[in-house]
Amino acid sequence: MALKTLPFLLFTLLVMMRGLLALTALFVAVLGKDTFEGHQVLRIAAKDEAQLALIKDLEEMIEFNLDIWQGVTDVASPVDIRVPFESLQSVKVYLETQEIDYSIMIEDLQAMLDEEKEEMESAARVAQPRNTDSFDYSRYHTIDEIYSFQDMLVAENPNFVSKIVIGQSYQGRPLNVLKFSTGGSNRPAIWMDTGIHSREWVTQASGTWFAKKIVTAYGTDPTLTAILNKMDIFLEIVTNPDGFYYTHNNNRMWRKTRKPNRGSSCVGVDPNRNWDAAFGGPGASGNPCSETYYGPSAHSESEVRSIVDFVKAHGNIKAFVSIHAYSQMLLYPYGYTRTPAKDQTELHNLAKKAITDLSSLYGTRYRYGSIINTIYQASGSTVDWTYNQGIKYSYTFELRDTGRYGFILPANQIIPTATETWLALMAIMDHTYKNPY
């Protein structure tokens with residue numbers, strides 16, 4: 001097909017799409033819950049830089065309403081994109097016309113989501129846990145169930161675990177942080193957060209498992225015991241509660257916060273582009289409808305601002321680990337610049353140790369390196385800000401998998417994911433403890 005016919009063909013397809021989009025909007029309005037019937041996740045592979053640029057162009061075609069699961073990085077790394085049913089034909093024509101290779105990773109997203117929902121509903125019929133020993137760590141839980149778990153854990157361990165509410169989400173939900181401490185005041189501390197991107201359910205599930213692991217391993221695991229005898233651990237499991245609630249009740253694929261944007265019908269800010277570290281720079285979007293919208297100003301989101309205020313007020317946090325999914329990576333600063341972090345060598349060596357420990361359990365392979373060199377340029381990210389605050393051991397995890405299921409990781413992978421990740425976290429925490437600064 002001649003390239004010059006492409007614009008006309010795309011225009012024709014777009015006209016056809018408008019009717020379908022209107023029907024989809026009506027369906028959602030009636031049911032109140034977004035459906036992903038017929039949506040596919042395509043894995044796209046560029047042969048060269050020219051094709052990479054064409055895929056980047058495709059990512060920015062807002063009329064296709066695409067959801068970038070794994071964006072353009074380099075020729076060696078595939079791009080994963082969720083394509084709505086009404087855009088499938090147009091996108092496939094675009095790729096085939098440009099002779100760009102693609103495969104279908106997920107044939108029908110809604111079928112996978114139905115399976116996930118059925119599993120959750122089936123598990124929910126079982127009696128609610130009376131304590132954290134009977135809590136089912138091998139399934140996905142709602143925000144109410146996780147908040148209830150936190151309260152039970154505190155009640156069971158009053159001299160070791162406490163709950164701090166560091167702020168409120170836009171919609172008024174508490175921003176709960178669990179503090180694990182054996183005493184003392186303002187001791188050096190380690191921070192961990194999960195679920196800043198709400199659809200990454202394996203992270204909140206892993207965070208819940210980590211909380212229980214800290215309680216059970218203290219006093220039996222000599223390494224963790226030594227760490228907690230000198231340091232505190234802070235863990236925020238549901239870092240984006242409004243978004244998380246929304247993924248359970250309205251749109252499973254929701255990533256951002258839920259605060260309305262002035263002058264736009266599109267809601268929410270990417271809380272991992274909202275930090276004051278090259279805020280608004282390349283690798284983030286000024287378009288409120290984008291999944292990487294950086295927001296009206298740095299720290300505009302209360303979910304981000306609450307952590308900023310907490311970190312500054314504490315003043316003695318020595319390691320900061322923010323946990324995402326998916327793609328199996330362990331990343332350190334910087335995301336906004338190719339200038340190496342001053343502690344690059346130490347951060348790189350520690351990352352290598354951590355992923356080696358992680359892979360020792362099931363052989364799960366992780367990539368590691370600075371954000372910009374390993375995944376993509378990203379400005380306004382969490383760990384760039386924390387590193388610039390003087391928190392040397394600032395890391396971001398991207399948990400399982402590498403795209404077969406993407407954000408819809410089956411629940412039977414929760415415990416294996418959490419267990420292997422714990423080994424990497426222990427490597428980072430132990431190094432932090434043994435290398436005070």
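The following exchange examines aromatic contacts, and then one sheet, in a predicted model.

Biologist: Why is the pair of Tyr326 and Phe407 called edge-to-face?

Modeller: The ring centres of Tyr326 and Phe407 are 5.0 Å apart and the planes make 80 degrees. Rings pair with centres within 6.5 Å, and planes over 60 degrees apart count as edge-to-face, so both conditions are met.

Biologist: What makes this pair a tie between parts that are apart in sequence?

Modeller: Tyr326 lies in the loop between strand 9 and strand 10, and Phe407 in the loop between strand 12 and helix 13, so the pair ties together parts that are 81 residues apart in sequence.

Biologist: Is Tyr326 buried or exposed, and is Phe407 buried or exposed?

Modeller: Buried means under 20% relative accessible area. Tyr326 has 4% and is therefore buried; Phe407, with 5%, is buried too.

Biologist: Why is the pair of Tyr332 and Tyr395 called edge-to-face?

Modeller: The centres of Tyr332 and Tyr395 lie 6.4 Å apart, within the 6.5 Å limit, and the planes stand at 90 degrees, over the 60 required; the pair is therefore edge-to-face. Tyr332 belongs to strand 10 and Tyr395 to strand 12.

Biologist: How do you know that the charged end of Arg252 is close enough to count as sitting over the ring of Trp201?

Modeller: The charged end of Arg252 is 3.6 Å from the centre of that ring, and the distance limit is 6 Å.

Biologist: Which strands are the edges of the sheet with the order 2-3-1-4, and what makes them edges?

Modeller: They are strand 2 (67-70) and strand 4 (101-106), since each pairs on one side only.

Notes:
Residues are numbered from 1 along each chain as its sequence is written. This is a predicted model: local features need pLDDT of at least 70, side-chain atom pairs count only at pLDDT 80 or more; totals for chains, interfaces and linings use all residues. Side-chain values use heavy atoms; hydrogens and water are left out. Two strands pair if DSSP finds at least two bridges between them. Helices (H or I, at least four residues) and strands (E, at least two) are DSSP runs, numbered from the N terminus. Rings of Phe, Tyr and Trp (its six-membered ring) pair if their centres lie within 6.5 Å; planes under 30 degrees apart count as stacked, over 60 as edge-to-face and the rest as tilted. Buried means under 20% relative accessible area, exposed over 50%, partly exposed in between (1.4 Å probe, protein chains only). A charge sits over a ring if NZ of Lys or CZ of Arg is within 6 Å of the ring centre and within 35 degrees of the ring normal.
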